[in-house]
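These are my notes from a first look at this entry. I set down what I looked up, in the order in which I turned to it.

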Amino acid sequence: MVAILPGAALLAPASSHRRMLTLSGNEIWAATRNRGIEGDALSPSDFSFGIWEATTNLCINGNATTNTTGITDNSSTTSRVTSGTVRFGSTAFEVVSSNLVANEGPSQLISGGVGSTQYTVSAWAWLVSGAATVRATLFDSVGGKQGGTAVVLTATPQRVSVTATTGALGINEASYIETTVQQAGTWRIGGWQVEAQPIATPYVETDGGTAARSAARVQMSVSNAFTPTQGWAAFRMRMGWPSTNPPETFPDFFIWGDNTNN
C-alpha cells in the first residue's frame, strides 16, 4: 500500500498509470477543482492529487452560498454577491469598510467552540476597490483577539489564516476577517473556514451547518510494482505547509511495511 500522509500533493502520472491507483474519493484533484465549490483553489489543469487528513469546517456559512446568515458586522457592511470575481462556486461575501476605525469586518461564532482548544481560522480575500489590509482572527472571552499576519489585498485572491488556542473557560468563540488599519475599501471573502487543526487545510464547503471531509488516500496495488523480492515506487511531492513550520515533528511522507500477514 502507498499511503500519502496529510498535506502532500502527489503529482498524478499519465492516465494509463492512474488506472493502477485506487482512490479514496476524498482526495483533491482535477475533478474536485473543476467543480469549483471547495478544495485547494488550484486550477483544474493541475492534475496532482491533494492528500489531506480528515477535517471539519466549523464555520457554518463559509461562502455565502445561500445567504449571509450568522454574519455579524463590526463597523462594516457585508452582503452576498453572485457576480464578478469569486473564489469558490458562484458566490462570495462582499465587505465595505467605512474607514471609521481599525478592525472592521465580519465575524461568525464557531459552531461548538470551546475553551483550551487549538483552532485554525482561514479565508480567501481580495480587493474590489479602495484599499484593505486584512487578517484572520480567533476570538474568545478569555483569550481575546488573536490575529494572524496582515495581508495587503489585491485583485488576486490571497489566503489569510491564524492558528491559536482559545483561553481556558473561554466562551463566545468566534472567527473574524478584519482590517488592521483604518481604510475605506470594498473587498470580498470566500472559502471561510474554522477547523480544530494546527494548519489551514483545503476549504470544505458549508451552507448552514458544519461539514466534514474524510481522510484521503491514494493506494497502489502491490502486484503492479512489487514482487516478493524486488520492486520500486517513485513520487513527485509538493508539500502543503512550509518546511519551517510543519504541523508535527518529523511528519512521515511514505511508510512501507512487509510481513507474513501483509
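I began with a term: two strands count as paired if DSSP finds at least two bridges between them. I also note that the model is predicted.

Entry one, the open sheet. I looked up the strand order and found five strands in the sequence E6-E7-E15-E9-E13, with antiparallel pairing. At the edges I found strand E6 (76-81) and strand E13 (158-165), each of which pairs on one side only. Neighbouring strands of this sheet are turned against each other by 30 degrees on average, direction ignored.

Entry two, one pair within that sheet. I followed strand E7 (residues 92-98) and strand E15 (residues 184-195), which pair in the antiparallel sense over six bridges. Opposite Ser97 I found Gly185 in E15.

Entry three, a hairpin. I then turned to E10 and E11, which form a hairpin with three residues between them. Their pairing is antiparallel and runs over four bridges, with E11 covering residues 144-147. For Phe139 I noted Lys145 in E11 as the bridge partner.

Entry four, Asp140. I located Asp140 in strand E10 (residues 133-140). Is Asp140 buried with a salt bridge or without one? I found Asp140 buried and without a salt bridge; Lys145, the nearest side chain of opposite charge, is 12 Å away. A salt bridge would require a distance within 4 Å. The side chain of Asp140 does reach the backbone nitrogen of Val142, at 2.9 Å. Leaving aside residues up to four places away in sequence, I recorded contacts of Asp140 with Gln146, Thr166, Gly167, Gly170, Ile171, Asn172 and Glu173.

Technical notes. Residues are numbered from 1 along each chain as its sequence is written. This is a predicted model: local features need pLDDT of at least 70, side-chain atom pairs count only at pLDDT 80 or more; totals for chains, interfaces and linings use all residues. Side-chain values use heavy atoms; hydrogens and water are left out. Helices (H or I, at least four residues) and strands (E, at least two) are DSSP runs, numbered from the N terminus. Buried means under 20% relative accessible area, exposed over 50%, partly exposed in between (1.4 Å probe, protein chains only). Lys and Arg count as positive and Asp and Glu as negative; His and the chain ends are not counted. A polar contact is a pair of N or O atoms within 3.5 Å; within protein, one must be able to donate a hydrogen and the other to accept it, and residues adjacent in sequence count only if both atoms are side-chain atoms. Contact means heavy atoms within 4.5 Å. Axes are lines fitted to C-alpha atoms, for helices over the stretch in contact, and angles run from 0 to 180 degrees between N-to-C directions.
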